[in-house]
Amino acid sequence: MSVSSKSNLKPVKCPTCGEMASNAARPFCSSRCADIDLGRWFQGKYAIPAVDAADDTIIDALIAEAEADNTGQGRRFDHDDGNDDER
């Protein structure tokens, strides 16, 4: 079995500038565009925004809302599995 050569690769456009990619710097057209893209990674421009895991205010609000909805039905929303210890 032989390894396919880079010349058989489908032509693609450089994600930085849109020019045709060169085989030497694939998928970029040049090392300059590759360095620009790397700089964007280092600056966090490709980061996916996320909710801070330490922020429980949303969860606390949902629990309070569920407990308020259940008070008229005679049952209690137990969010800590029966653990009635002080927090």
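Here is a quick briefing on the fold, the cysteines and the aromatic surface of this chain.

This is a predicted model, where local features need pLDDT of at least 70, side-chain atom pairs count only at pLDDT 80 or more, and totals for chains, interfaces and linings use all residues. Residues are numbered from 1 along each chain as its sequence is written, and side-chain values use heavy atoms, with hydrogens and water left out.

**Overall picture**
- The protein chain has two helices and zero strands; these are DSSP runs numbered from the N terminus, helices being H or I with at least four residues and strands E with at least two.
- Of its 87 residues, 10% count as buried, where buried means under 20% relative accessible area, exposed over 50%, and partly exposed in between, with a 1.4 Å probe and protein chains only.
- The accessible surface comes to about 7600 Å², and 54% of that belongs to carbon and sulfur atoms; the areas are Shrake-Rupley values with a 1.4 Å probe, and for residues only the protein chains shown count as cover.
- Among contacts with a separation of 6 or more, 2% are made by residues 24 or more positions apart, a contact being heavy atoms within 4.5 Å.

**Cysteines**
- The disulfide count is zero, with a disulfide taken as a pair of cysteine sulfur atoms within 2.5 Å.
- C14 is buried, at 4% relative accessibility, and the closest cysteine sulfur to its own is in C33, 3.8 Å away and too far for a bond.
- C33 is buried as well, at 5% relative accessibility; for its sulfur the closest cysteine sulfur is in C29, at 3.6 Å, again too far for a bond.

**Aromatic pair**
- The whole structure yields one aromatic pair: W41 and Y46 have ring centres 4.8 Å apart and planes at 55 degrees, so the pair is tilted.
- The rule covers rings of Phe, Tyr and Trp (its six-membered ring) with centres within 6.5 Å; planes under 30 degrees apart are stacked, over 60 edge-to-face, and the rest tilted.
- W41 is exposed at 53% relative accessibility, while Y46 is partly exposed at 34%.

**Nonpolar patch**
- W41 and Y46 also join L38 and F42 in a nonpolar surface patch of about 490 Å².
- Patch residues have over 30% relative accessible area and no salt bridge, and nonpolar side chains (Val, Leu, Ile, Met, Phe, Trp, Tyr) are joined within 5 Å, like charges within 9 Å; a salt bridge is a side-chain nitrogen of Lys or Arg within 4 Å of a carboxyl oxygen of Asp or Glu.
- L38 sits in helix α1, residues 31-43, and is partly exposed at 41% relative accessibility.
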